[in-house]
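Colleague: I would like to go through this model feature by feature. Could you give the general idea each time, and then the case at hand?

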Amino acid sequence: MLGTFIRQTLQDRRERARRQKRASGARTLPRAAIVFGAGARPGLGTAIAERAARGGLRVYLTGRNRDKLEQSVEAIRSAGQEAEAVVVDVTDETQIGAIFDRASSAGYAVDLVIFNVGTNRPGGFLDIDPGKLEKSWRSDCLAGFQVGQHAVRHMLENGRGTILFTGASASLRGKAGFGQFAANKAGLRSLSQSMAREFGPQNIHVAHVIIDGIVDGARLRSSAPGLVEGRGEAGALQPDAVAEAYWMLYRQHRSSWSQEIDLRPSHEHW
């Protein structure tokens with residue numbers, strides 16, 4: 001029994017020493033950001049990616065549509081910054097891991113990870129199909145868990161990092177007709193809290209951002225023409241303004257970390 005304890009103690013010490021050595025080396029590496037769910041431009045994911053690039057990070061934009069991703073990559077590169085588009089299915093854990101390995105193999109320390117995925121589809125409770133519920137949960141919640149695991153593993157090796165999850169008003173309350181989305185987002189929020197408590201002491205900042213309102217982006221303007229204009233000035237969240245809040249979280253000093261913030265237009269009813 002004592003021998004097992006001693007062996008485990010020595011193994012733990014060797015592991016800490018190995019991580020400290022790798023973290024020391026990682027401090028000299030250029031840093032990268034990975035944005036899962038970058039989407040169309042203009043939009044929240046692409047605005048966050050462009051802000052990170054302006055801040056000096058090499059950015060990997062991931063999503064399902066390469067053409068949409070390349071629009072943002074072109075804008076970032078035209079400004080003299082570094083970016084790369086990678087098509088990733090967030091429900092495929094292998095593809096998630098590959099993008100982290102890709103950044104590491106290119107000589108970058110992954111320092112910022114954004115999980116900006118959400119499948120908000122309203123519908124009555126009795127109309128929810130169990131198969132579709134599971135599919136949306138895999139995108140909105142399970143994928144966040146898998147992204148979080150890969151991010152934490154890389155950041156522990158680097159000795160630091162920031163992981164930011166995009167939430168919604170559904171993260172806090174389940175409204176009528178939004179049971180499916182609320183279940184997914186509430187789970188993601190709780191996951192972020194557990195991660196923050198476990199890995200904050202190891203210099204990994206995990207935060208959750210509640211987006212309480214509509215976002216003025218290409219997706220909304222295409223699906224609901226006139227909605228943004230009908231809300232009037234400051235009736236919708238502006239992607240670039242939201243991106244500044246994400247960047248603020250990334251830049252926070254570890255003595256004053258936020259675990260959760262909520263963002264809404266000044267005219268939003270809450």
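Modeller: Start with a salt bridge, and bear in mind that this is a predicted model. Side chains of opposite charge can pair when their charged atoms come close. Here the side chains of Glu-244 and Arg-51 form such a bridge, at 2.9 Å from N to O.

Colleague: Which parts does the pair of Glu-244 and Arg-51 tie together?

Modeller: Glu-244 belongs to helix 9 and Arg-51 to helix 2, so the bridge ties together parts that are 193 residues apart in sequence.

Colleague: Is Arg-51 buried or exposed?

Modeller: Arg-51 has a relative accessible area of 15%, so it counts as buried, the cut-off being under 20%. Glu-244, at 38% relative accessibility, is partly exposed.

Colleague: What does Arg-160 form a salt bridge with?

Modeller: Its partner is Asp-111, with the closest N and O atoms 2.8 Å apart. Arg-160 sits in the loop between helix 5 (130-158) and strand 5 (161-168), while Asp-111 is in strand 4, so this pair ties together parts that are 49 residues apart in sequence. Asp-111 is buried, with a relative accessible area of 1%, whereas Arg-160 is partly exposed at 32%.

Colleague: How far apart in helix 5 do Glu-134 and Arg-138 lie?

Modeller: They are 4 residues apart, about one turn of the helix. Their side chains meet in a salt bridge, 3.1 Å from N to O. Glu-134 is partly exposed, with a relative accessible area of 41%, and Arg-138 is partly exposed at 36%.

Colleague: How many salt bridges does the structure hold?

Modeller: There are 14. Some are linked: Arg-58, Glu-82, Glu-84 and Arg-102 form a network of salt bridges.

Colleague: Next, the cavity. Which residues line the largest cavity?

Modeller: Arg-51 appears again, in a lining made up of Ile-48, Arg-51, Ala-52, Leu-112, Ile-114, Leu-164, Ala-243, Tyr-246, Trp-247 and Tyr-250. The structure holds 1 cavity of 30 Å³ or more, and the space in the largest cavity is about 30 Å³.

Colleague: How do the residues of that lining divide into nonpolar, polar and charged?

Modeller: The lining of the largest cavity has 9 nonpolar residues, no polar ones and 1 charged. By element, helix 2 (44-54), strand 4 (109-115) and helix 9 (239-251) each supply at least two residues. Helix 9 gives the largest share, 4 residues.

Colleague: Now the sheet. In what order do the strands run?

Modeller: Strands of a sheet pair through backbone hydrogen bonds, either parallel or antiparallel. In this model 7 strands make an open sheet, ordered 3-2-1-4-5-6-7, with parallel pairing. Strand 3 (83-87) and strand 7 are the edge strands, each pairing on one side only. From one strand to the next the twist averages 20 degrees.

Colleague: How many bridges join strand 6 to strand 7?

Modeller: Strand 6 (residues 204-211) and strand 7 run parallel and are joined by 4 bridges. In one of the pairings, Ile-210 has Asp-262 of strand 7 as its bridge partner.

Colleague: Which side chains along strand 7 are buried?

Modeller: The general idea first: in a regular strand the side chains alternate between the two faces of the sheet. Along strand 7 (residues 260-263), Ile-261 and Leu-263 point to one face and are buried. Glu-260 and Asp-262 point to the other face and are not buried.

Colleague: Last, the backbone. Which peptide bond is cis?

Modeller: The bond from Arg-41 to Pro-42 is cis, with omega near 0 degrees. Pro-42 is in the loop between strand 1 (31-36) and helix 2.

Colleague: Where does Asn-203 lie?

Modeller: Asn-203 lies in the loop between helix 6 (179-199) and strand 6. This residue has a positive phi of about 70 degrees although it is not a glycine.

Technical notes:
Residues numbered from 1 in each chain as written. Predicted model: local features only at pLDDT ≥ 70, side-chain atom pairs only at ≥ 80, totals over all residues. Heavy atoms only, no water. 1 Å grid on protein atoms, 1.4 Å probe; cavity = no way out; pocket = protein on both sides within 12 Å on 5 of 7 lines; lining within 4 Å. Points joined across faces, edges and corners; volume = space filled by probe spheres on them. Nonpolar A, V, L, I, M, F, W, Y, C, P; charged D, E, K, R; others polar. Buried < 20%, exposed > 50% of the residue type's maximum accessible area, 1.4 Å probe, protein only. Pairing = 2+ DSSP bridges. Salt bridge = Lys/Arg side-chain N within 4 Å of Asp/Glu carboxyl O. Axes fitted to C-alpha atoms, helices over the stretch in contact; angles between N-to-C directions.
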